[in-house]
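Q: I have a new model open and want to learn how to read it. Can we go through it feature by feature?

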Amino acid sequence: MSIEKLEGTLDYSSYQISSKFTDYKYTVYIHVPQGQAPEEGFPIYYVLDGSSYFHLVKEAVRLQSRNALKTGVNPAIVVGICHGEDMQERRFYDFTAPAKEYSYPARFKGKGYDKHGGAADFHRFLTEELKPSIQAQFQVDVHQQTLFGHSLAGYYVLWQLFHERTSFQRYIAISPSIWWNDHELLPCTAKFVKEQAAVTERLFIGVGELETFMVDDARQIVGDLENITDIAFYEALDENHASVVPTVMSRAIRFVNKN
């Protein structure tokens, strides 16, 4: 792994990190609150698709932390993980699980990408390269780590929970692409529930009312998990796949921070 600092502002710094596990160069944004860190360190949010959602999550955390007694949200480090110009293609590699075959729904009309199945390598990038480098620079509460993802990144959040759950303590999956590869997450969910008597990790799943089949998929996952973990589901009325994230973000952050 190599790290190159790109720029710094009063609000955040940006870096380029080359991963030996994924053979890819990521741009990473890091916001650190002003002021003294708590003795245990700052909570931390890792935001997938950071070029789209880093600033949104950062401001949602910062605004709510101004009244922590009411919101339960404390100042936190926010990390945005960004792909480059090949973002659309690369997401289908980093955020999808290894499989013998890959199937796209009919609505894709035969279009898709060539590379899939990099989730395990991306996990190693997160846990063996990115997280240690951040913890070496900043005071991080390793017991309050949240992973956020939307759409295909939301699928990855659930995959991470089911396969490497102790890497994070809080998970936020908005409009997760449970449909991916003929709903392969559903048998993963059943296996996870069978193997886990109780799970201490906290999970928020949100979806927009207008996302049709994605609402049903999310409800099924929630129904399977609700007896073994602290989980919240929120269906945002009159919201679609593009609009749902800003609508549910503050609610999701409050849930993962509740006492």
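The dialogue below covers strands, a helix, backbone angles, a loop and empty spaces in this predicted model.

Q: Which way do β2 and β3 run, and how many bridges join them?

A: Start with the general idea. In a regular strand the side chains alternate between the two faces of the sheet. Now the case here. β2 and β3 run antiparallel, joined by 7 bridges. S13 stands opposite I30 in β3. The two strands form a hairpin, with 4 residues between them. D23 sits in that turn and has a positive phi of about 55°.

Q: Is β2 enclosed or open?

A: Count its buried residues. Strand β2 spans residues 13–19, and 5 of its 7 residues are buried, so the strand is largely enclosed by the rest of the structure.

Q: In what sense do β8 and β9 pair?

A: They pair in the parallel sense, over 7 bridges. Strand β9 covers residues 230–236. One opposed pair is R202 and D230, the latter in β9. Add α8 and you have a β-α-β unit: β8, α8 and β9 make a right-handed one.

Q: Which residues of helix α1 are buried?

A: Think of the helix repeat before you look. An α-helix has 3.6 residues a turn, so residues three or four places apart point the same way. Helix α1 runs over residues 50–65. Its buried residues are G50, Y53, F54, V57, K58, A60, V61, Q64 and S65. Look for that spacing in the list.

Q: What covers the buried residues of α1?

A: Both strands and helices do. The cover includes strands β3, β4, β5 and β6. It also includes helices α2 (68–71) and α9 (244–257).

Q: What is the phi of S175, and what of D182?

A: Most residues other than glycine have a negative phi, and most peptide bonds are trans. S175 has a positive phi, near 45°. D182 also has a positive value, near 55°. Their settings can be read next. S175 lies in the loop between β7 (170–174) and α6 (180–183), while D182 is in helix α6.

Q: Are S175 and D182 buried or exposed?

A: Go by relative accessible area, where buried means under 20% and exposed means over 50%. S175 is at 0%, so it counts as buried. D182 is at 59%, so it counts as exposed.

Q: Where does L210 lie, and what is it in contact with?

A: L210 is in the loop between β8 (202–208) and α8 (213–225). Leave aside its neighbours within four places in sequence. L210 is then in contact with D238, E239 and N240. L210 is partly exposed, with a relative accessible area of 46%. For scale, its C-alpha atom and that of Q220 are separated by 17 Å. Those two residues are 10 apart along the chain.

Q: How many cavities of 30 Å³ or more are there?

A: Rolling a probe the size of a water molecule over the atoms shows where empty space is left. Here the count is 2 cavities of that size. The second largest holds about 30 Å³ of space. Among the residues that line it are L161, F192, R202 and T229. By class, its lining has 5 nonpolar, 1 polar and 2 charged residues.

Q: Which residues lie nearest the centre of the largest pocket?

A: They are R107, S151, S177, W179 and H241. In total 13 residues line this pocket. α3 (87–94) and α8 are the elements that give two or more residues to the lining. The pocket's volume is about 170 Å³. Its lining has 6 nonpolar, 4 polar and 3 charged residues.

Definitions and conventions: Residues are numbered from 1 along each chain as its sequence is written. This is a predicted model: local features need pLDDT of at least 70, side-chain atom pairs count only at pLDDT 80 or more; totals for chains, interfaces and linings use all residues. Side-chain values use heavy atoms; hydrogens and water are left out. On a 1 Å grid over the protein atoms alone, a cavity is a set of points where a 1.4 Å probe fits but cannot get out, and a pocket is an open set with protein on both sides within 12 Å along at least five of seven lines; lining residues have an atom within 4 Å of a point. Grid points are joined across faces, edges and corners, and a volume is the space filled by probe spheres set on the points. Ala, Val, Leu, Ile, Met, Phe, Trp, Tyr, Cys and Pro count as nonpolar, Asp, Glu, Lys and Arg as charged, and the others, Gly among them, as polar. Buried means under 20% relative accessible area, exposed over 50%, partly exposed in between (1.4 Å probe, protein chains only). Contact means heavy atoms within 4.5 Å. Two strands pair if DSSP finds at least two bridges between them. A crossover is right-handed if, with the strands pointing away from the viewer, the path from the first strand over the helix to the second runs clockwise.
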